[in-house]
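Thanks for making room for me this morning. I would like to walk through one model with you, so please bring it up on your screens before I begin.

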Amino acid sequence: MTRDPEFERERLTELMAAEERRFVELHPRSAELAEAGRRHLLAGVPMPWMTRWPGAFPVHVAEASGARFVDVDGIEYVDFCLGDTGAMTGHGGAGGAGGVGGVGGGLASAVGRSTTMLPSEDAAWVADELHRRFAMAKWQLTTSATDANRFVLRFVRHLTGRPKIAVIDWCYHGTVDETLAILGPNGAVISRPGAIGPQVDPAMTTRVVAFNDLDALDAALAHGDVAALLMEPALTNIGIVLPQPGYHEAVREITRRHDVLLIIDETHTISAGPGGCTQAWGLDPDMVVIGKPIGGGFPVATYGMTDELAVALDPVLHGHDADVGGVGGTLAGSAMATAAIRATLSTTLLEADYERMIPLATRWTDGVAGAIERHRLEWSVQQLGCRAEYWFCPLPVNGADAAAAVDDQLDAFMHLWALNRGILMTPFHNMALLSPAHTDADVDVHTDVFDQALAALTS
Ligand SMILES: Cc1ncc(COP(=O)(O)O)c(C=O)c1O
C-alpha cells in the first residue's frame, strides 16, 4: 500500500528545510572553504558534478581511509559512495584480502618514476591479469573510462567502416559525445537533457535502443550503419536495471547477425565479481572497457579486445602516425598508472574480497527492503554484486522507466538526511557500494538511518 503522495510531499518540504538548517549548523569550516572556492573555481567546485551534493555547499574532506572519511569539521562518515566507484576498494585500498601495504603501498614505489612515456615492468603483468579476468586477448591503458570508450569507438568505426554506434537508452559511459543521447518522445534520437554543447546532432552518430528490448535492437542494427553496440551489462547509471533472462545471449546473436561489434563497459559492473559481469555471466564481447576502481582511485582505465581485432588494428598502431591517430594520451600507461593497477588488482578486488563485499551488499539490501516493507511503501531495492540501490517505485525494466521514476526532491532529502547522520550516498540516485573495509555495523547504521527517514516521512 502506498501512502498519500501529497501528504508526504508537504511533510517532505518541512523535513527538508530542517535538514538544510542542520547541515549548515554542522559544517562551519566546509562553509568557509566553499565560500573561498567561489572566488576562482568555476561554479565554486573543481569538477562540475560536485554541485550535485545535497546541502547548501559540498562537505570538504580532510582525510579518508577504508570505508570512512572525516570532513574538515571533524565529522566522520561511513562512505557508501566511494567516489562513485573510483574507491570501491576502500580508500587507500588497504582493506583488500591480498595486501599488507594495499594500493597505497604499491603506488608509493612508483611515485619517483612519474611519467617517462616508456613501459615499466608492471605493464605486462597488468595485461596478463586483465586477460585472466576478462578473457580479452590484448589491452591498453588510458587515463579515464571516458577516454577508453572514446578510443574503442574510433577503433570500431575504423574496423567496420560504419559511421554510427548503438547505445542503450539512458546509458552513461562518460563524457563521450556519441553516448550523451536518449530516445525522444517520438522515438527519435535526441541529446540527453543536460548535455552541454553537443558536437553534432547525436542522431547523426548514434542509434539508441531501450534496455531489455531485443526487437528494438534488431531493428536498429538492421540499418547496416552501426559499427558497434556499446553497453553496460546491467544499467547502473540510472539506478540498477538488470537484464531479463536470455537477454545477453540474444544481444550477442543479434549483434553477430548484423556484423556489429559488441563492447561491454564494466566500469561499474565490476561490482559483480573480479571479472565483472563478463566473467560472472559468461558474456562473449569483442571489446571490454573498465575504468574507475581498477586503479584504486588513481586515474587509470583500460580497454581490451579479441586477438582478431588486435591483428586488424595493427597497421594503425604502428608507424609514423601512431601518435596522432586520435587514440592515446601523454599521461596514459605511465609507470604510475601501471603500478596503480597492479597494486589494486594484486591486493584488492580479489575473489576473497567479493566474498566479503557481496554479503555486505545483501545485508544492506535486506535492511532497506525490510524498512520499505515496514513503512508500507511501494519502493524497491536492487543489488548487483557489491552495488545496491533503492527506488521510489517498483523495479523498472529499462532506462526510460527508471528516469521517469526519478524524484529530485525525495532524492535530495534522503541524501541529506543520511549525510546529517554520518552516511554518504552517491549524489546521483540512491546507490551504495560495499567495499572490503565496510562492516556489518556500518550497514546496520545505514539501515537504522534509512528506517528513521521513512518513519519521519510517513508519520
Ligand atoms: C559505465 C561507465 N563508463 C564510463 C564512465 C566514465 O568514467 P570516467 O568519468 O572515470 O571517465 C562512467 C562514469 O560514471 C561509467 O559509469
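How many salt bridges does a search of the whole structure find? The search finds 23, and please keep in mind throughout that this is a predicted model. Side chains of opposite charge can pair when their charged atoms come close.

Let me take a few of these pairs in turn, starting in helix H1, which covers residues 5–26. There the side chains of Glu 14 and Arg 11 form a salt bridge, with N and O 3.6 Å apart, and because the two residues are three positions apart in that helix, about one helical turn separates them. Arg 11 counts as partly exposed, at 22% relative accessibility.

Helix H4, residues 122–134, holds another pair, Arg 133 and Glu 129, which are four residues apart and again separated by about one helical turn. Their salt bridge has an N to O distance of 2.7 Å; Arg 133 is buried, at 3% relative accessibility, and Glu 129 is buried as well, at 9%.

Asp 225 and Arg 207 also form a salt bridge, and their closest N and O atoms are 2.8 Å apart. This pair links distant parts of the chain, since Asp 225 sits in the loop between helix H6 and strand E9, while Arg 207 belongs to strand E8, 18 residues away. Both count as buried, Asp 225 at 16% relative accessibility and Arg 207 at 18%. Beyond pairs, Arg 68, Glu 76 and Asp 442 are linked in a network of salt bridges.

Now to the ligand, which is surrounded by 14 residues, the closest being Thr 146, Asn 237, Asp 265, His 268 and Lys 292. By class, that shell has three nonpolar, eight polar and three charged residues, and helix H5, residues 145–160, gives the most to it, with three residues. Turning to individual contacts, a side-chain N or O atom of Asn 237 is 2.9 Å from an oxygen atom of the ligand, and for the side chain of His 268 the corresponding distance is 3.2 Å. Taken alone, the ligand exposes 390 Å², of which the protein buries 90%.

Finally, the cysteines: the structure holds zero disulfides. For Cys 81, the nearest cysteine sulfur is that of Cys 386, 13 Å away, and Cys 81 itself is buried, at 4% relative accessibility. Why is Cys 393 without a bonded partner? Because the closest cysteine sulfur, in Cys 171, is 19 Å from its own, which is too far for a bond.

Note on methods
Residues are numbered from 1 along each chain as its sequence is written. This is a predicted model: local features need pLDDT of at least 70, side-chain atom pairs count only at pLDDT 80 or more; totals for chains, interfaces and linings use all residues. Side-chain values use heavy atoms; hydrogens and water are left out. A residue is near a molecule or strand if one of its heavy atoms lies within 4 Å of it. A polar contact is a pair of N or O atoms within 3.5 Å; within protein, one must be able to donate a hydrogen and the other to accept it, and residues adjacent in sequence count only if both atoms are side-chain atoms. Accessible areas come from the Shrake-Rupley method with a 1.4 Å probe; for residues, only the protein chains shown count as cover. Ala, Val, Leu, Ile, Met, Phe, Trp, Tyr, Cys and Pro count as nonpolar, Asp, Glu, Lys and Arg as charged, and the others, Gly among them, as polar. A disulfide is a pair of cysteine sulfur atoms within 2.5 Å. Buried means under 20% relative accessible area, exposed over 50%, partly exposed in between (1.4 Å probe, protein chains only). A salt bridge is a side-chain nitrogen of Lys or Arg within 4 Å of a carboxyl oxygen of Asp or Glu.
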